[in-house]
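Work through these exercises with the structure open beside you. Try each task before you read its solution.

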Amino acid sequence: MTETATKTEKRKLVQVRDMVKHFPVDNSADLVRAVDGISFDILSGETLGLVGESGCGKSTVGRCMLRLHEPTSGEILFEDEDIVKLGNRDLQKLRREMQIIFQDPYASLNPRMSILSIVGEPLKIHGIGNSDERKDRVAELLSKVGLDPKYMMRYPHEFSGGQRQRIGIARALALNPKLIIADEPVSALDVSVQAQVVNLLQDLQNEFGLTYLFISHGLAVVEHISNRVAVMYLGKIVEIADAKTLYENPLHPYTEALLSAIPIPNPKLKRDRIVLEGDVPTPINPPSGCRFRTRCPVAIDECKTIEPELKEIEPDHFSACIRNDGYDEA
């Protein structure tokens, strides 16, 4: 591989800076602080895994990046252009470069539309090709995701969950995007089908040079597909690192607890579980200081008043915990 190609692969395709998304609460002055000031980069050609418990803000991050939700504040740079500032016409052009695979393969496909119409709809909206050319493109896409093109005149109810998700993937690929946000794309599928879909996503990434934000709470799946992993808790990113480094040497106690819950595929071996006490606090009124302190097994008094910053503790390994700032745990 040439030096030029290496540099191209490592350029920043997406740069998120201080993204905030607050949702108003009906008949109240309160706000749901779904995403509360996060920053990260996604490199061209890589898969960034985004993990955390349900309700931590993972899906909101992905939807804000596509402006399916309007961010409250912050910057979202795609190829150095801030998409938050784009008008509707420019945003529609950008949609060709950024697509999403939804979590639920049953709810994300219109039951009244044929597969030809579903997969071909992005092409029609963007005025690409005539009807015959779009039909040929749909047939090509279905073949790419492992489905027989002759099924294109069928309707979603005639397919299994795994097949429906393949249709959703074909739709996401229709416009040759650079970035695909995969919002828990396998969580609604059987375990055996999950592996097939994950392998398909990896094959498509290698073939088309795709970049993924892979959102999931399945840590084993994320480890398999991701180059780097970001861990979220209650609207904040608490750790980011290379996947291998994070799984072997987590620096944040929340990450340690999550990894301790991954089953070991050997009945003779047992993992030392870190069982977190209590429930995730409400994002309407998060704890002061460190948001994880109310459940953290190693919290100290300073955690109540100091909100830790996400800092580079080791090369390319970032963590947000005051233990990393030299505070005495005792």
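**Exercise 1. A network of charges**

Which residues are linked with Arg11 in a network of salt bridges?

Solution. The model is a predicted one. Start at Arg11 and follow the salt bridges. The network links Arg11, Glu79 and Lys178. Next, look at the whole structure. A search there finds 15 salt bridges.

**Exercise 2. A salt bridge between distant parts**

Find the salt-bridge partner of Arg228, then say where each residue of the pair lies.

Solution.
- Step one: find the partner. Arg228 forms a salt bridge with Glu46, and their closest N and O atoms are 2.7 Å apart.
- Step two: place both residues. Arg228 belongs to strand E9, while Glu46 sits in the loop between strand E2 (31-43) and strand E3 (47-51).
- Step three: check the separation. The two residues are 182 residues apart, so the pair links distant parts of the chain.- Step four: check burial. Both Arg228 and Glu46 are buried.

**Exercise 3. Buried or partly exposed?**

Arg67 and Glu70 form a salt bridge. Is Arg67 buried or exposed? How does Glu70 count?

Solution.
- Step one: look at the pair. The closest N and O atoms of Arg67 and Glu70 are 3.1 Å apart.
- Step two: recall the cut-offs. Buried means under 20% relative accessible area, exposed means over 50%, and partly exposed lies in between.
- Step three: apply them to Arg67. Its relative accessible area is 10%, so Arg67 is buried.
- Step four: apply them to Glu70. Its relative accessibility is 40%, so Glu70 counts as partly exposed.

**Exercise 4. Another bridge to place**

Which residue meets Lys236 in a salt bridge?

Solution.
- Step one: find the partner. The side chain of Lys236 meets that of Glu307, at 3.0 Å from N to O.
- Step two: place the pair. Lys236 is in strand E10, and Glu307 is in the loop between H10 and strand E11 (311-314). They are 71 residues apart and link distant parts of the chain.
- Step three: classify Glu307. Its relative accessibility is 46%, so Glu307 counts as partly exposed.

**Exercise 5. A sheet of four strands**

What is the strand order in the open sheet of four strands, and why is one side of E2 left without a neighbour?

Solution.
- Step one: recall how sheets form. Strands of a sheet pair through backbone hydrogen bonds, either parallel or antiparallel.
- Step two: read the order. It is E2-E1-E4-E5, and the pairing is antiparallel.
- Step three: find the edges. E2 and strand E5 (81-82) each have a single partner strand, so one side of each has no neighbour in the sheet.
- Step four: zoom in on one pair. Ten bridges join strand E1 (residues 12-24) to E2, in the antiparallel sense. Lys21 stands opposite Val35 in E2.
- Step five: add a helix. Helix H2 (residues 58-65) packs on this sheet and touches E1, E2 and strand E4 (73-78). The direction of H2 makes about 115 degrees with that of E1.

**Exercise 6. A sheet of eight strands**

In what order do the eight strands of the other open sheet stand?

Solution.
- Step one: read the order. It is E6-E7-E8-E3-E9-E10-E12-E11, with mixed pairing.
- Step two: name the edges. Strand E6 (98-101) and E11 each pair on one side only.
- Step three: note the twist. From one strand to the next it averages 25 degrees.
- Step four: inspect one pair. E9 and E10 run antiparallel and are joined by six bridges. Val229 has Ala241 in E10 as its bridge partner.
- Step five: add a helix. H6 packs on the sheet, touching E6 and strand E7 (179-183). The direction of H6 makes about 175 degrees with that of E6.

**Exercise 7. Two helices in contact**

At what angle do helix H4 and helix H6 pack? Which residues make the contact?

Solution.
- Step one: take the geometry. Helix H4 (residues 115-125) and helix H6 (residues 161-173) pack at about 30 degrees, and their axes are 7 Å apart.
- Step two: name the arrangement. Angles under 35 degrees count as roughly parallel. H4 is therefore roughly parallel to H6.
- Step three: list the residues. H4 brings Ile115, Ile118, Val119 and Pro122, and H6 brings Ile167, Ala170 and Arg171.
- Step four: sort them by class. The contact has six nonpolar, no polar and one charged residues.
- Step five: see what covers H4. H5 (131-144) and H6 are among the elements over its buried residues.

**Exercise 8. A covered helix**

How many of the eight residues of helix H10 are buried?

Solution.
- Step one: count. Seven of the eight residues of H10 (residues 253-260) are buried.
- Step two: name some. Among them are Tyr254, Leu258 and Leu259.
- Step three: look for the cover. It includes helix H8 (219-225), strand E9 (228-233), strand E10 (236-242) and helix H9 (243-248).

Terms used:
Residues are numbered from 1 along each chain as its sequence is written. This is a predicted model: local features need pLDDT of at least 70, side-chain atom pairs count only at pLDDT 80 or more; totals for chains, interfaces and linings use all residues. Side-chain values use heavy atoms; hydrogens and water are left out. Buried means under 20% relative accessible area, exposed over 50%, partly exposed in between (1.4 Å probe, protein chains only). Contact means heavy atoms within 4.5 Å. A salt bridge is a side-chain nitrogen of Lys or Arg within 4 Å of a carboxyl oxygen of Asp or Glu. Two strands pair if DSSP finds at least two bridges between them. Axes are lines fitted to C-alpha atoms, for helices over the stretch in contact, and angles run from 0 to 180 degrees between N-to-C directions. Angles under 35 degrees count as roughly parallel, over 145 as roughly antiparallel, 65 to 115 as roughly perpendicular and the rest as oblique. Ala, Val, Leu, Ile, Met, Phe, Trp, Tyr, Cys and Pro count as nonpolar, Asp, Glu, Lys and Arg as charged, and the others, Gly among them, as polar.
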